[in-house]
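Here are a few friendly notes to read alongside the structure. Keep the 3D view open and look up each residue as you reach it.

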Amino acid sequence: MRSPFRAPPQARSQKTSLTWRRTLLEHWRGDLTGGITTAVVALPLALAFGVASGAGAIAGLWGAIVLGMIAAPLGGTPAQVSGPTGPMTVIMAGIISLLGARYGAEAGLAMAFTVALLAGGFQVLFGVLRLGQYITLMPYSVISGFMSGSGVIIVVLQLPALLGVSLRGSVPQILMGLPGALGQMSGWALGFGVATFALVRLYPRRWSALLPSPLVALLALTVLSLLLPADALPRLGAIPQGLPSLRWPQLAFDDLRLLGGYALTLGVLGSIDSLLTSLVADNITRTQHESDRELIGQGIGNMASALVGGLPGAGATMRTVTNVQAGGRTPLSGMIHSLVLLLLTVGAGGLACPIPLAVLAGILLHVGIEIIDWTFIARAPLLSWRTTGLMWLVLLLTVFW
């Protein structure tokens, strides 16, 4: 039999073109609908995750754009949409806070993106070493405890914005500072935050296919807030316009062990987060993902995102499910999602200035509550006390350490 690798260059290019058309253009109508719908869902979440991380709203947007654009064609889960996620944002926020306190705000932020770059490198290494099949073998009690702990952290981090007070730091610092900050609480911020949360929670699911609840809440409450005086409640403010500048890695030999440990944690978490979402995508599309290829795609995407100052992320469950339900089936849908976000960021970024921080906090409060594994928390005592104890140990360590 003649080797296919001996085919002339023209034949190989035609073969590649046909493969591209069959795999990426066969479902282009559904992918177009899925990509646009998913971008609408991702926009408020990217803004909120960026603010929550401490890197700024623009970091969340560029993370969703770059990671989504690269991980879709290079990854191993056709319908998966990637971007900043709750657990990844929690870890990145902690890294930014710790490095900022140690090296200063500007240097700490630059080193945090270096950590994200190294984390992407670890993910690529995991894929090359074919470790994808083993990462998902971690005990579910550990995964559940970590995810629930991440949800608790997201909820606690939103409390200052919901109350309209200026309070930053770790979970223990925020919890200790809240009683003293209640005297400066803003009733307007609390009202808008609670209204946003209620609208997202009570929004009819049958309407979500047309207009996702986070976007409706973002637009409706922001427009309503314009009736108030400009200083009535804290707002997002101006975000940088135009294309991002490159952030070159900053790494000293003395910092290698510290940053390497953070990067390994971030890389393992991103891998678990992505592969669990891949399993969800497999269940609803009746397909089989490629774990190792998915890790390589996610790793390259996170490395590229870090180089332009974007948040690291993973395969996002809610955005992936939204994409599939709207008709997305191939990597083209994830790429369209990123292109739509890019157009919104470059062309309409100035419209985000009046968004109240309490509205973003209300959206993230819903995200945090959804991440908490309430079902397993209730079911674990029925399985064994060892399982329950391990789950609660991981949860508490995640929240307070």
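1. Let us begin at a loop. Arg-286 sits in the loop that joins α12 (256-285) to α13 (291-307). Please remember that you are looking at a predicted model. Is Arg-286 buried or exposed? Its relative accessible area is 71%, so Arg-286 is exposed. Look at its backbone too: Arg-286 has a positive phi of about 55°, although it is not a glycine. Most residues other than glycine have a negative phi.

2. Another arginine is worth a visit. Arg-130 belongs to the loop between α5 and α6 (132-135). What is its phi? For Arg-130 the value is positive, about 60°, and this residue is not a glycine either. Arg-130 has 55% relative accessibility and therefore counts as exposed, since the cut-off for exposed is over 50%.

3. Now for a glycine with a positive phi. Gly-327 comes just after α14 and takes a phi of about 115°. In helix α14 itself (residues 317-325), the buried residues are Arg-319, Thr-320, Thr-322, Asn-323 and Val-324. Do find Arg-319 in your viewer, as it is one of the buried residues of α14.

4. Step back for the overall picture. How many helices and strands does the protein have? There are 18 helices and 2 strands. The radius of gyration is 21 Å, close to the 21 Å given by the globule rule for 401 residues, so the protein is as compact as a globular protein of that length. Along the principal axes, the C-alpha atoms fill a box of roughly 80 × 50 × 50 Å.

5. Two percentages add to that picture. Of the 401 residues, 50% count as buried. If you take the contacts between residues at least 6 apart in sequence, 82% of them join residues at least 24 apart.

6. Next, look at how two helices meet. Helix α4 (residues 86-103) packs against helix α7 (residues 140-163) at an angle of about 65°, and their axes are 9 Å apart. That angle makes α4 roughly perpendicular to α7, and α4 passes α7 in a left-handed crossing. Which residues meet here? From α4 come Gly-86, Pro-87, Val-90 and Ile-91, while α7 brings Phe-146, Met-147, Ser-150, Ile-153 and Ile-154. By class, the residues of this contact are 7 nonpolar, 2 polar and no charged.

7. Helix α7 has another partner to look at. The axes of α7 and helix α8 (residues 171-181) come within 10 Å and cross at roughly 40°, which makes α7 oblique to α8. The crossing of α7 and α8 is left-handed. On the α7 side, the contact is made by Ile-153, Val-156, Leu-157, Leu-159, Pro-160 and Leu-163, and on the α8 side by Val-171, Ile-174, Leu-175 and Leu-178. This contact has 10 nonpolar residues, no polar and no charged ones. Ile-153 is worth marking, as it takes part in the contact with α4 and in the contact with α8.

8. Helix α5 gives us two buried residues to compare with the loops above. Ala-116 is placed in α5 and is buried, with a relative accessible area of 1%. What does Ala-116 touch, leaving aside its neighbours within four places in sequence? It is in contact with Met-92, Leu-266, Asn-302, Ala-306 and Pro-312. Gly-127 is also found in α5 (residues 105-128), and with a relative accessible area of 4% Gly-127 is buried. Not counting residues up to four places away in sequence, Gly-127 touches Asp-292, Leu-295 and Ile-296.

9. Finish with Ile-65, which lies in helix α3 (residues 57-74). At 6% relative accessibility, Ile-65 counts as buried, because the cut-off for buried is under 20%. Setting aside residues up to four places away in sequence, Ile-65 touches Ser-338, Leu-341, Leu-342 and Thr-345. For a distance to try in your viewer, take Ile-65 and Phe-253: they are 188 residues apart in sequence and 32 Å apart in space, C-alpha to C-alpha.

Key:
Residues are numbered from 1 along each chain as its sequence is written. This is a predicted model: local features need pLDDT of at least 70, side-chain atom pairs count only at pLDDT 80 or more; totals for chains, interfaces and linings use all residues. Side-chain values use heavy atoms; hydrogens and water are left out. Axes are lines fitted to C-alpha atoms, for helices over the stretch in contact, and angles run from 0 to 180 degrees between N-to-C directions. Helices (H or I, at least four residues) and strands (E, at least two) are DSSP runs, numbered from the N terminus. Angles under 35 degrees count as roughly parallel, over 145 as roughly antiparallel, 65 to 115 as roughly perpendicular and the rest as oblique. A crossing is left-handed if the near helix is turned anticlockwise from the far one by less than a right angle, and right-handed if clockwise. Contact means heavy atoms within 4.5 Å. Ala, Val, Leu, Ile, Met, Phe, Trp, Tyr, Cys and Pro count as nonpolar, Asp, Glu, Lys and Arg as charged, and the others, Gly among them, as polar. The radius of gyration is taken over C-alpha atoms; the globule rule is 2.2 Å times the number of residues to the power 0.38. Buried means under 20% relative accessible area, exposed over 50%, partly exposed in between (1.4 Å probe, protein chains only).
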